[in-house]
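Colleague: Before I use words such as buried or salt bridge in class, I would like to hear how each one is earned. Could you take me through some cases?

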Amino acid sequence: MKAKVKVRGLKKSFGENEVLKGIDIDIGEGEVVCVIGPSGSGKSTFLRCLNQLEEITDGQVIVDDFDITDKKTNINKVRENIGMVFQHFNLFPHKTVRENVMLAPVTLKKCSKQEAAEKADSLLKRVGLLDKGDAYPDELSGGQKQRVAIARSLAMDPDIMLFDEPTSALDPEMVGEVLDTMKELAAAGMTMVVVTHEMGFAREVSDRVVFMDGGYIIEQGAPKDVINNPQEERTKDFLSKVL
Amino acid sequence: MDFGRVLKEALPLLLEGLKMTVLIALISIAIGIVLGLISCLFGLSKNKVLKAISAVYIWIIRGTPMIVQAFIVFFAIPQLIQLLNPTFKLDAFTAGIITLSLNVGAYMSEIFRAGIQAVDKGQMEAARSLGLSKTQAMSKIVLPQAFKISIPPIVNQFIITVKDTSILSVIGLAEVVNKAKQYVGKTYQFFATYILVAAFYLIVISILMVVSKFVEKKFSYESESKS
């Protein structure tokens, strides 16, 4: 399997506080990796380093052969290829649902307005929200918002998707619809890195589960091994609390 | 208290003053918005010199009364310039616009800054994660939302500016209060004249408030109110 993302010796500090203390990992093409761990373990920070939303303190992150830590790399170009879905959706409230999805392709002149609108509708159809195209984000439920956010991040045809606790801000009855959308993406062969607390999703969908704690990767492997039969004390301790 | 007489004699005079009030307010608001935007961008920039320029500007304007600023612009600074160029003269109109624009700019700068900072950080992040540059994210995503948040304080500033024009009567600007003072000085018709002046301000500011309600509605984020 070709490595889509290569991370070497990644460190990240916020002032005095070192959050990531040296992360090494390769993520293969089409692989679905779930990152689990207690809050404060650095898993969200790790994810945000993969598209340079956080400036890296030390180490190297290579995405699609682009060294995104290199100042010469055009980070905007690389980001077009990396979709990101946030815990709090971050939809643009002053734009309709369709405009949210169209914004990046039109602004970055990837296609005409007409084509972008058609593409937006097909993506909205894919997440089951074609009838909401003219609505504003404030008129949607949490689950619907997150599905729009997924459609929006797919609009630039990324081949990697980052999910930062995509269901943590949702009411329980809406978690399912978002996870279903993500499952479809995984089945379609998308490379996905998912920071999540949904152990069911991790077990069922992911190819690999990564357990992080205290700024390190403690344990990783197939979900049945890590979740059902953890080797490390800290993993056992964490899983005993969440399962 | 002869309203009939005041209406007949003073109304043309006062309307002329009112024209000046509205004109000077509009010009100063226009210049002030530009000044405010520049000062706001200076203040938010990483360049320490630009930041300091913006901070000192706002500090001086907010820290001194406008009446003193008007005296400095109209009397003090020309006196200084006259040392070099004895024929230099500044008319009340220009001095008034300079004073008022500087005032509007300083307050607008703070309004814009607060508006930009009130937009959730996630908006910038979402835009950047889609591949938009910082400038694109700012102009397409952050500024439109910041503007919406800022409409009520901007309108408030407009109202204050319209009323502040009356302070410029002290440098002899022929706006409505100045005209009223002249008329009252000759006729002693205090009551009718000043009630009329107050009514003028009320009308102008009421129009502003109606327009602002309309603008606020136009910028709301629900599909019903737009169609």
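Modeller: What follows is a set of questions and answers about this structure, which is a predicted model.

Colleague: Why is A:Glu80 called buried?

Modeller: The label buried is given under 20% relative accessible area, and A:Glu80 has 16% relative accessibility, so it counts as buried. A:Glu80 sits in helix 2 (residues 75-80) of chain A, and, leaving out residues up to four places away in sequence, it touches A:Leu108, A:Met156 and A:Pro158 as well as B:Leu130 and B:Gly131 of chain B.

Colleague: What makes B:Glu125 and A:Arg48 a salt bridge?

Modeller: The rule asks for a side-chain nitrogen of Lys or Arg within 4 Å of a carboxyl oxygen of Asp or Glu. The side chains of B:Glu125 and A:Arg48 meet at 2.5 Å, N to O, so the pair satisfies the cut-off of 4 Å. Across the interface of chain B and chain A the rule finds one salt bridge, while five residue pairs, both residues at pLDDT 80 or more, are in polar contact there.

Colleague: Which element gives the most to the side of chain B that touches chain A?

Modeller: That is helix 5 of chain B, with seven residues. The residues on that side of chain B divide into seven nonpolar, eight polar and seven charged.

Colleague: How many residues are in contact between the two chains, and what area is buried between them?

Modeller: On the side of chain B there are 22 residues, in contact with 26 residues of chain A, and the buried area is about 2,100 Å², with carbon and sulfur atoms giving 59% of it. In chain B, the residues that lose the most area to chain A are B:Ser129, B:Leu130 and B:Tyr221, which together make up 31% of what that side buries.

Colleague: Why is A:Glu177 called partly exposed, and why is A:Arg147 called buried?

Modeller: Partly exposed covers the values between the 20% and 50% cut-offs, so A:Glu177, at 24% relative accessibility, counts as partly exposed. A:Arg147 has a relative accessible area of 12%, and is therefore buried. The side chains of A:Glu177 and A:Arg147 meet in a salt bridge (2.3 Å, N to O). Because A:Glu177 lies in helix 6 of chain A and A:Arg147 in helix 5 (residues 142-154) of chain A, the pair ties together parts that are 30 residues apart in sequence.

Colleague: What does the salt bridge of B:Glu16 with B:Lys179 tie together?

Modeller: The closest N and O atoms of B:Glu16 and B:Lys179 are 3.3 Å apart, so the pair also falls within 4 Å. B:Glu16 lies in helix 1 (residues 3-44) of chain B and B:Lys179 in helix 7 (residues 176-187) of chain B, so parts that are 163 residues apart in sequence are tied together. B:Glu16 is partly exposed, because its relative accessible area is 45%, whereas B:Lys179, at 12% relative accessibility, counts as buried.

Colleague: Finally, which residues touch the most other members of the largest nonpolar core?

Modeller: Of its 47 residues, these are A:Val101, A:Ile150, A:Met161, A:Phe163, A:Met182, A:Leu185 and A:Met192. Helix 6 (residues 172-187) of chain A gives the most to this core, with seven residues. Apart from it lies another core, of 40 residues, including A:Leu50 and A:Phe92. In soluble globular proteins, nonpolar side chains tend to be buried together.

Definitions and conventions: Residues are numbered from 1 along each chain as its sequence is written. Chains are lettered from A and ligands numbered from 1 in the order in which they are written. This is a predicted model: local features need pLDDT of at least 70, side-chain atom pairs count only at pLDDT 80 or more; totals for chains, interfaces and linings use all residues. Side-chain values use heavy atoms; hydrogens and water are left out. A nonpolar core is a set of buried Ala, Val, Leu, Ile, Met, Phe, Trp, Tyr and Cys residues joined through side-chain atoms within 4.5 Å. Buried means under 20% relative accessible area, exposed over 50%, partly exposed in between (1.4 Å probe, protein chains only). Helices (H or I, at least four residues) and strands (E, at least two) are DSSP runs, numbered from the N terminus. Contact means heavy atoms within 4.5 Å. Buried area is the accessible area (1.4 Å probe) that two parts lose on being put together, summed over both. A polar contact is a pair of N or O atoms within 3.5 Å; within protein, one must be able to donate a hydrogen and the other to accept it, and residues adjacent in sequence count only if both atoms are side-chain atoms. Ala, Val, Leu, Ile, Met, Phe, Trp, Tyr, Cys and Pro count as nonpolar, Asp, Glu, Lys and Arg as charged, and the others, Gly among them, as polar.
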